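Trainee: Could you take me through one part of this model slowly, and show me how it sits among everything else? I'd like to see how you go from one element to its surroundings.

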Amino acid sequence: MRFSIILPIYNVEKYLRPCIDSILSQSFKDYEIILVDDGAKDSSPQICDEYSAKYDFIKTVHKLNGGLSDARNVGLKHAQGEYIFFLDSDDYLIDGEVLSKIDKALYANQDVAAFKFIQWYEKSSTLSTCAFGYDVETVGKSAAKIYLALIDKDAYYNSAWSKVIKRSLLVDNNVEFEKGLLGEDNDWYYKVVAHVKTLALIDEPLYVYRQREGSITKTYENKNLEHLLCIIEKWTKYVNEGGLTENKMVIRNSLAKQYCHAIIGYASLEAPQKFYNKLKSFKYLLQFSNTPRVKTFRMMYRFLGLKGTIVLLRIARKIR
């Protein structure tokens, strides 16, 4: 089959049916759905069983709670499709033509197809517009060159759910999500990028990303910063080992923005001194990439240093 759509599920009974129904509404039918119940304590497991009993192309896997990364990894082990689509179970596809558009974009069986998304805000029940574009040259370009252009346009995202990926690329290169890691998509997608040769872009929103109050993406603590710094450290080491390939340049330039996020995270916390010292050791990353945020931080760092930049961010936070 063409697509394996993997849904990691944990206590999302309110959103699960709309998510699954948005897949079932697709005009393109060559897919399977793999529902991975990660030990949910609400009615999500029963909803999964209901759908898998009704449709023979829907599989339900019940497992003990192991977290989002573990659930996705388990789903991949059960997948049989040519391409993998990790769809978060509280999100949904924007209309019934999503899979058809992705399939057409993969006319040359590219390694990855990436698409745009919009956000739904629970607090106001409103949808955003897409704030970035994919209007970059792709004909005759390697995946790395396309990624580098997207980074400079601030249109590059590591999110697992905003693209489909060839299953053989994941399986042959042992690409899995690291269990217990916050910000796991960043680490996982760098593993993908290290091996991608061909990339298709779909310059329209196909996915609705729900911004829920109280979700794990809406809270930021010392542990988030610690894990982000670990990801930066791991991948800067990878980039600096051996020769600098185009794919390594993609990771390096993306890390420049991740470094800005780490500074913002530090400024919002009462973080230990060891985090400050580690932040300082990565300042060289600001010379890479020309996204608006990186350029702004590069200028602030030049005139204020790291300490002054953090103070300015804290003042701006209080004023806001």
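Mentor: Sure, let's start with what we call a helix: here helices are DSSP runs of H or I with at least four residues, numbered from the N terminus. Keep in mind that you're looking at a predicted model.

Let's pick helix 5, which covers residues 143-152. Right after helix 5 comes D154, and its phi is positive, near 60°. That's worth a pause, because most residues other than glycine have a negative phi.

Now look at helix 5 itself. Buried here means under 20% relative accessible area. Of the 10 residues in helix 5, 7 are buried, so the helix is largely enclosed by the rest of the structure. Try clicking through the buried ones: A143, A144, I146, Y147, L148, L150 and I151. And what covers them? Strand 6 (112-121), helix 7, strand 9 and helix 9 are among the elements that do.

Next, follow helix 5 to an empty space. A search of the whole structure turns up 1 cavity of 30 Å³ or more, and the largest cavity holds about 70 Å³ of space. Helix 5 and strand 9 are the elements that give two or more residues to its lining. You'll recognise Y147 and L150 in that lining, along with others including A114, Y134, L199 and L201. Sorted by class, the lining of this cavity has 10 nonpolar, 1 polar and 1 charged residues.

Strand 9 (residues 199-211) leads us to another space, the second largest pocket, where it gives the most to the lining, with 3 residues. This pocket has a volume of about 250 Å³. Its lining has 14 residues, and Y107, Q110, T138, L199 and A200 lie nearest the centre. Here the split is 8 nonpolar, 5 polar and 1 charged. Notice that L199 turns up in this lining and in that of the largest cavity too.

Helix 9, one of the elements covering helix 5, takes us to the core. The largest nonpolar core has 109 residues, and L7 and I102 have the most contacts inside it. Helix 9 (residues 246-267) supplies the largest share of this core, 10 residues. In soluble globular proteins, nonpolar side chains tend to be buried together. Zoom in on L7: setting aside neighbours within four places in sequence, L7 is in contact with L16, C19, I20, I23, I33, I34, L35, V36, L87 and S89.

Did you spot C19 in that list? C19 is buried, at 0% relative accessibility, and C48 is buried at 0% as well. The sulfur of C19 has its closest cysteine sulfur in C48, but they're 10 Å apart, too far for a bond. The structure holds 0 disulfides.

Finally, back to the backbone oddity we began with, since D154 has company. N174, which isn't a glycine, has a positive phi of about 55°. You'll find N174 in the loop between helix 6 (167-172) and helix 7 (184-193), and at 66% relative accessibility it counts as exposed. S289 has a positive phi too, near 80°. S289 sits in the loop between helix 10 (273-281) and helix 11 (292-319), but this residue is buried, with a relative accessible area of 6%.

Key
Residues are numbered from 1 along each chain as its sequence is written. Side-chain values use heavy atoms; hydrogens and water are left out. On a 1 Å grid over the protein atoms alone, a cavity is a set of points where a 1.4 Å probe fits but cannot get out, and a pocket is an open set with protein on both sides within 12 Å along at least five of seven lines; lining residues have an atom within 4 Å of a point. Grid points are joined across faces, edges and corners, and a volume is the space filled by probe spheres set on the points. Ala, Val, Leu, Ile, Met, Phe, Trp, Tyr, Cys and Pro count as nonpolar, Asp, Glu, Lys and Arg as charged, and the others, Gly among them, as polar. A disulfide is a pair of cysteine sulfur atoms within 2.5 Å. Buried means under 20% relative accessible area, exposed over 50%, partly exposed in between (1.4 Å probe, protein chains only). A nonpolar core is a set of buried Ala, Val, Leu, Ile, Met, Phe, Trp, Tyr and Cys residues joined through side-chain atoms within 4.5 Å. Contact means heavy atoms within 4.5 Å.
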